[in-house]
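Please consider the following model, which is to be read from its sheet outwards to its cores and its individual side chains.

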Amino acid sequence: MQNADAQELAKFSDLAHRWWDPESEFRPLHQINPLRLEWIDELAGLRGKTVLDVGCGGGILAEAMARRATHVTGIDLAAKPLGVARLHALEAGVGNLKYREIATEALAAELPGHFDVVTCMEMLEHVPDPSAVVRACSQLAKPGGWVFFSTLNRNPKAFLFAIVGAEYVLNLLPRGTHEYAKFIRPSELARWARDSGLALQGSRGMQYNPLTRRYWLSQDTSVNYLIACRKPG
Ligand code: SAH
C-alpha cells in the first residue's frame, strides 16, 4: 500500500494543464516561488548541489532550483503534473532536471543518503501519513544535508485564512483544495523531523496581503509556514 490518497492525486492531475499559467489556480505557487527559492538557497547554497523535490507537481520549484543547482530530481505520484513538468523543462531548455513517478518511501529505499538538499513543499497536508514522508526525506538526505518542508498550520486562524479566505472569499484556490484536519502544527512537524534524526535550523511564515496581492516571508508561522532542517554530518 502506498502512502498516497488517490483522490488528492486526481485533483492535481485534473488541473495539471494549467500548472504553468501564472493566473490559474497555481498563481499562489508561482508567487511564493521566488521567496522560498531564495530562503532555501540562502541556507543550503544550491550551487554545486544534488537536489530532490518531493511532491514536485508541475515543477515550479524544481525547475527554478535546477537553474542554480548541479542536478535536480523531482518526484510525484500524479502522472499528469509530471508530464507537464517534463514538457516545460524541455521547452525551457533546462537539462539538469529529471522527473520520476515514484513514492518518497520507495526512492528512500533506492537512494538512501543521496541528496545534498531535499525539499517537500505544500505536499504533506495531502498525504495520509505525513510523518512517513518526513522520515523518508530524512533518509534521502546525505549526512550534513538540508531538508525543507512547507505546509499549513492547524488553528482557528489558519482555518479562517487558508480555507475560508483562500477558497471561499478570495477564490485563490479551488474549493476543497485543503482539508483542515490534515493541517500540521509546527510542533508536530518538528517532532516528526526530530524523530527522523533531523535537527531544526529555522522556520519562516508566509504572509499574504489580499489588497496588494503580494506575499512575503516573516516570523509569523500561524498560517502558511516553512521549516529548514539539517541531517547531522
Ligand atoms: N511541491 C509543489 C507542488 C505542490 S501541490 C510546489 O510547491 O510547487 C501538491 C503536490 O503533491 C501535487 O503535485 C500532488 O500530486 C503531490 N502529492 C500528493 N500526495 C502525494 C504523495 N503521496 N506522493 C507524492 N506526491 C504527492
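Two strands are taken to pair if DSSP finds at least two bridges between them. In this predicted model, strand 4 and strand 5 meet that condition, being joined by six bridges and running parallel. Within this pairing, Met121 stands opposite Ser150 in strand 5. The connection between the two strands passes through helix 6 (residues 130-140), and strand 4, helix 6 and strand 5 together make a right-handed β-α-β unit.

The other pairing of strand 4 described here is with strand 1: the two run parallel and are joined by four bridges. Here Asp53 has Thr119 of strand 4 as its bridge partner. Strand 1 (residues 50-54) also pairs with strand 2 (residues 71-76), again in the parallel sense, over five bridges. In that pairing, Val54 stands opposite Ile75 of strand 2.

These pairings belong to an open sheet of eight strands, whose order is 3-2-1-4-5-8-6-7 and whose pairing is mixed. Its edges are formed by strand 3 (97-101) and strand 7 (214-218), each of which pairs on one side only. On average, and with direction ignored, neighbouring strands of the sheet are turned by 20° against each other. In general, the strands of a sheet pair through backbone hydrogen bonds, in either a parallel or an antiparallel manner.

Helix 2 (residues 27-44) packs on this sheet, where it touches strand 4 (115-121), strand 5 (141-152), strand 6 (199-209), strand 7 and strand 8 (224-230). The direction of helix 2 makes about 25° with that of strand 7. Strand 4, one of the strands touched by helix 2, is mostly covered, with seven of its seven residues buried.

The discussion now turns to the nonpolar interior. The largest nonpolar core has 32 residues, of which Leu46, Val72, Leu97, Tyr99 and Phe148 touch the most other members. Two or more residues of this core come from each of helix 2, helix 3 (60-66), helix 4 (79-92), strand 3, strand 4, strand 5 and strand 8. A second, separate core contains 28 residues, including Met123, Val127, Val133 and Ala136. The surroundings of Leu46 can be listed in detail: leaving aside residues up to four places away in sequence, Leu46 touches Leu37, Ile40, Asp41, Val51, Met65, Arg68, Ala69, Thr70 and Val117.

Which residues does Glu63 touch, not counting those up to four places away in sequence? They are Trp20, His88, Ala89, Ala92, Val94, Leu97 and Tyr99. Two of these, Leu97 and Tyr99, are among the core residues that touch the most other members. Glu63 itself is found in helix 3, and it counts as buried because its relative accessibility is 3%, the cut-off being under 20%.

The cysteines remain to be considered. A disulfide requires two cysteine sulfur atoms within 2.5 Å, and by this rule the count is zero. For Cys120, the nearest cysteine sulfur is that of Cys137, 4.6 Å away, and Cys120 is in no disulfide. Cys120 has 0% relative accessibility and therefore counts as buried. Cys229 is likewise in no disulfide, and its nearest cysteine sulfur, that of Cys137, is 9.7 Å away. With a relative accessibility of 0%, Cys229 counts as buried.

Conventions. Residues numbered from 1 in each chain as written. Predicted model: local features only at pLDDT ≥ 70, side-chain atom pairs only at ≥ 80, totals over all residues. Heavy atoms only, no water. Axes fitted to C-alpha atoms, helices over the stretch in contact; angles between N-to-C directions. Contact = heavy atoms within 4.5 Å. Buried < 20%, exposed > 50% of the residue type's maximum accessible area, 1.4 Å probe, protein only. Right-handed = clockwise from strand over helix to strand, strands pointing away. Core = buried A, V, L, I, M, F, W, Y, C linked by side-chain atoms within 4.5 Å.
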